[in-house]
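Visitor: I have a protein model open and would like to talk it through. Where should we begin?
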Amino acid sequence: TMLVFIHSLNRQWGNALSATVAHEFNHSVFLRHNKCESVLDSMIFEGLAEHFREKTVGGKQAPWTKVLNQDESRDLFLELRSSNILRSTDIKICHAVFFGNNTYTRWTGYTIGYFIVDSFLRYNPTLEWKDIMTMCPQEIFAKSEFLK
């Protein structure tokens, strides 16, 4: 079930509606098959939703997926991995990685997830979205070439 609230006074509501529905639809289907518990799970969860949105309804790359470049994303990912933050299920840590604090730039988690999924999609071009959305985040990461 998705609930969508439309702010009809916003002139961009029509453009945002299809993008939002596509993004949230991906989340809904993904959560029927998987749990999203750790920081890494959340990164992949968000990266999938944005790539699905781009594939199904088009549009430019969202601002929250490009606050870091690919090299910065890889470097920060390695730092997060070495400090066991990727495995964390602490909501405060997840919030900091995705929404920013003194350590992380706002939207860091979204951007890293976008690059992970981008790599996964490039190296698995024959997979269909109906199959991708049932894969667990760890398998998606393992089948990406993000760190190579």
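Guide: We may begin with the contacts. In the protein chain, 66% of the contacts with a separation of 6 or more are accounted for by residues 24 or more positions apart. Please keep in mind that this is a predicted model.

Visitor: How many helices and strands are there in the chain?
Guide: The protein chain has seven helices and zero strands. Read along the sequence, the pattern is α-α-α-α-α-α-α.

Visitor: What does the chain span along its principal axes?
Guide: The C-alpha trace spans about 45 × 40 × 25 Å.

Visitor: And how does the radius of gyration fit a compact globule?
Guide: The radius of gyration of the protein chain is 15 Å, which agrees with a compact globule, because a globule with 148 residues would have a value near 15 Å.

Visitor: What share of the residues counts as buried?
Guide: Of the 148 residues, 43% count as buried. As for the surface, the chain exposes about 8,900 Å², and carbon and sulfur atoms supply 52% of that area.

Visitor: What about charged side chains, how many are positive and how many negative?
Guide: There are 16 positive and 16 negative side chains. The centres of the two sets lie 3 Å apart.

Visitor: Let us pick a residue. Where is His51?
Guide: His51 is found in helix H2, which covers residues 39-57.

Visitor: Is it buried or exposed?
Guide: His51 counts as buried, because its relative accessibility is 7% and the cut-off for buried is under 20%.

Visitor: Which residues does His51 touch?
Guide: Not counting residues up to four places away in sequence, His51 touches Tyr114, Val117, Asp118, Leu121 and Trp129. Helix H5 comprises residues 108-123.

Visitor: Now Arg74. Where is its place, and is it buried or exposed?
Guide: The place of Arg74 is in helix H3, residues 70-82. Arg74 is buried, with a relative accessible area of 19%, so it falls under the 20% cut-off.

Visitor: What does Arg74 touch?
Guide: Beyond residues up to four places away in sequence, Arg74 touches Phe146, Leu147 and Lys148.

Visitor: How far apart are Arg74 and Asp131?
Guide: They are 57 residues apart in sequence, and their C-alpha atoms are 26 Å apart in space.

Visitor: Let us turn to Trp64. Where does that one sit?
Guide: Trp64 has its place in the loop between H2 and H3. Trp64 is partly exposed, with a relative accessible area of 31%.

Visitor: Which residues is Trp64 in contact with?
Guide: Leaving aside neighbours within four places in sequence, Trp64 is in contact with Glu50, Trp107, Tyr110 and Thr111. In addition, Trp64 and Thr108 are 44 residues apart in sequence and 7.8 Å apart in space, C-alpha to C-alpha.

Visitor: You mentioned Trp107. What is its phi?
Guide: Phi of Trp107 is near 75°, a positive value in a residue other than glycine. Trp107 lies in the loop between H4 and helix H5.

Visitor: Why point that out?
Guide: Most residues other than glycine have a negative phi, so a positive value deserves a remark. Asn84 also has a positive phi, of about 60°, although it is not a glycine. Asn84 lies in the loop between H3 and helix H4, residues 91-99.

Visitor: What is Ile93 in contact with, up in H4?
Guide: Ile93 is found in helix H4. Apart from neighbours within four places in sequence, Ile93 is in contact with Val39, Ile85 and Ser88. Ile93 is partly exposed, with a relative accessible area of 28%. The C-alpha atoms of Ile93 and Thr103, ten residues apart along the chain, are separated by 11 Å.

Visitor: Last topic, the cysteines. How many disulfides are there?
Guide: The count comes to zero disulfides. Cys36 is in no disulfide, and the nearest cysteine sulfur, that of Cys94, is 7.2 Å away. A disulfide needs two cysteine sulfur atoms within 2.5 Å, so this pair does not qualify.

Visitor: And how far is Cys136 from its nearest cysteine sulfur?
Guide: The nearest cysteine sulfur to that of Cys136 belongs to Cys36 and is 12 Å away, and Cys136 is in no disulfide.

Visitor: Are Cys36 and Cys136 buried or exposed?
Guide: Cys36 is partly exposed, with a relative accessible area of 27%. Cys136 is partly exposed too, with a relative accessible area of 29%.

Methods:
Residues numbered from 1 in each chain as written. Predicted model: local features only at pLDDT ≥ 70, side-chain atom pairs only at ≥ 80, totals over all residues. Heavy atoms only, no water. Buried < 20%, exposed > 50% of the residue type's maximum accessible area, 1.4 Å probe, protein only. Helix = DSSP H or I, 4+ residues; strand = E, 2+ residues; numbered from the N terminus. Rg over C-alpha atoms; globule rule 2.2 N^0.38 Å. Contact = heavy atoms within 4.5 Å. Areas by Shrake-Rupley, 256 points an atom, 1.4 Å probe, with all protein chains shown as cover. Lys, Arg positive; Asp, Glu negative; His and termini not counted. Charge placed at Lys NZ, Arg CZ, Asp CG, Glu CD.
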